[in-house]
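Subject: Structure for your files

Hello,

Here is the structure, with the sequence alongside. My notes follow below it.

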Amino acid sequence: MAALAAASPGGDECLEEDEDELEPGLDEAEAEPEAGSGAKAAGGSRGAVLTRRGITLRVLLRDGLLEPARGVLSIYYLSLASEGEEEEMPEEEEEEATREGRASVPELVAAKKPEERSKKQQCKSLAEPAGMDHGPPGKRLESKPRVPVRYCTLGTRDSARNPQTLVEVTSFAAINKFQPFNVAISSNVLLLLDFHSHLTRSEVVGYLGGRWDTNTQLLTVLRAFPCRTRLGDAEAAGAVEEEICQSLFLRGLSLVGWYHSHPFGPALPSLHDIDAQMDYQLKLQGSGNGFQPCLALICGPYYHGNPGVESKIAPFWVMPPPEQRPNDYGIPMDVEVAYIQDGFLTNDVLQEMTLLVEFYKGAPDLVKFQELWSQDQTYLDKLKGSLASRTPKDQSFTHILEQIYSLLKLSS
């Protein structure tokens, strides 16, 4: 576990310096309270003194004046509590938002040996029913670009910080560390998850099956398992859980990671992604002393910042924060990967692509592939161009792909 206990890539100085930049003059304002301003907030553990400092949402949350709650805003000021009413969404929009939502980020569980755990236990919560507290809601088309931040600007965890904040990944070389494991990914894996990510304006999620060799420290990703579920559909989520469990078991594969998409944004992890990945890594490792990595992949299919039409697929892994700073966020690390071109497209992949087309058929968030993605390319052209870089050596399957593309045209 020595490789996991690493120092922050930016150093403590960078973290402290950037924390000061985020809250200019806060400490000085607290040190010199305005005379006669002795009112304290009821329920605030710090009993914050009202001063001349700028009042921001972060300050109110930090001093206990503003308190988050489910569906409402609750504020305590001078011992008086008031609640804001939850804005009601028109019935048509609410129904559409429910349909558009993706499955919640699922909970990974380490797959033990068959004799140690039942099939059901091996894959329990792989496709967790949507609506759990730690799963983000389904998102519509991104209208505002999210600007990534450097890890060293984050500092200690802050409840006021947006969990969807994107964070730049750090290379192991930048912190003078070696990557603790090697990774090889099949081209069929990339092709399937890239195809899945192109189909909808909502985020998608899926799982990665493969093998971990303790002798060579090589993680080989051999199969992608898309989750064909929608937000709030607990029954379908349970069926997907069982299906993925059976597929892993029958193919002699282990659960080695997960993937999800940022449809119109960069393929960088958010703070929520970082926390989820850290949790998955701990669960896949289990209670034993052995080390088993868990790989995360993010696909950004329609981000116009990508060079060319090929989707950006970014692997990352999370290094725990330094022991002396346990309340910091985990460090998202860039993972070097060897990509292996498969000899042919398997029937499993072709069948999964067909099932995905059928699943999203008629969905309100289905991408309209005949519309223009750029000045001279449709969304279907974009999809074809991206998949072309991930096709196997044998090109005899091309006519089958064209049939799938034709189905997409009809669906959208």
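**Strand β5 and its sheet**

Val205 stands opposite His260 in β7. This is a predicted model, in which local features need pLDDT of at least 70 and side-chain atom pairs count only at pLDDT 80 or more, while totals for chains, interfaces and linings use all residues. Residues are numbered from 1 along each chain as its sequence is written, and side-chain values use heavy atoms, without hydrogens or water.

β5 (residues 205–213) pairs with β7 (residues 254–261) in the antiparallel sense over six bridges; Tyr259 of β7 is the bridge partner of Gly206. Strands here are DSSP runs of E, at least two residues, and helices are runs of H or I, at least four, numbered from the N terminus. Pairing requires at least two DSSP bridges between two strands.

β5 also pairs with β6, antiparallel, over eight bridges, and Tyr207 has Phe225 as its partner in β6. Four residues lie between the strands of this hairpin, where Gln217 takes a positive phi near 55°.

Seven of the nine residues of β5 are buried (under 20% relative accessible area, 1.4 Å probe, protein chains only), so the strand is largely enclosed by the rest of the structure.

The open sheet has eight strands in the order β10-β9-β8-β7-β5-β6-β4-β11, with mixed pairing. β10 (331–334) and β11 (338–340) are at the edges with a single partner strand each, so one side of each has no neighbour in the sheet. The twist averages 35° from one strand to the next (angles run from 0 to 180 degrees between N-to-C directions of lines fitted to C-alpha atoms, for helices over the stretch in contact).

Helix α7 (residues 234–250) packs on the sheet and touches β5, β6 (218–226) and β7, contact being heavy atoms within 4.5 Å. The direction of α7 makes about 140° with that of β6.

Regards

Conventions. Buried < 20%, exposed > 50% of the residue type's maximum accessible area, 1.4 Å probe, protein only.
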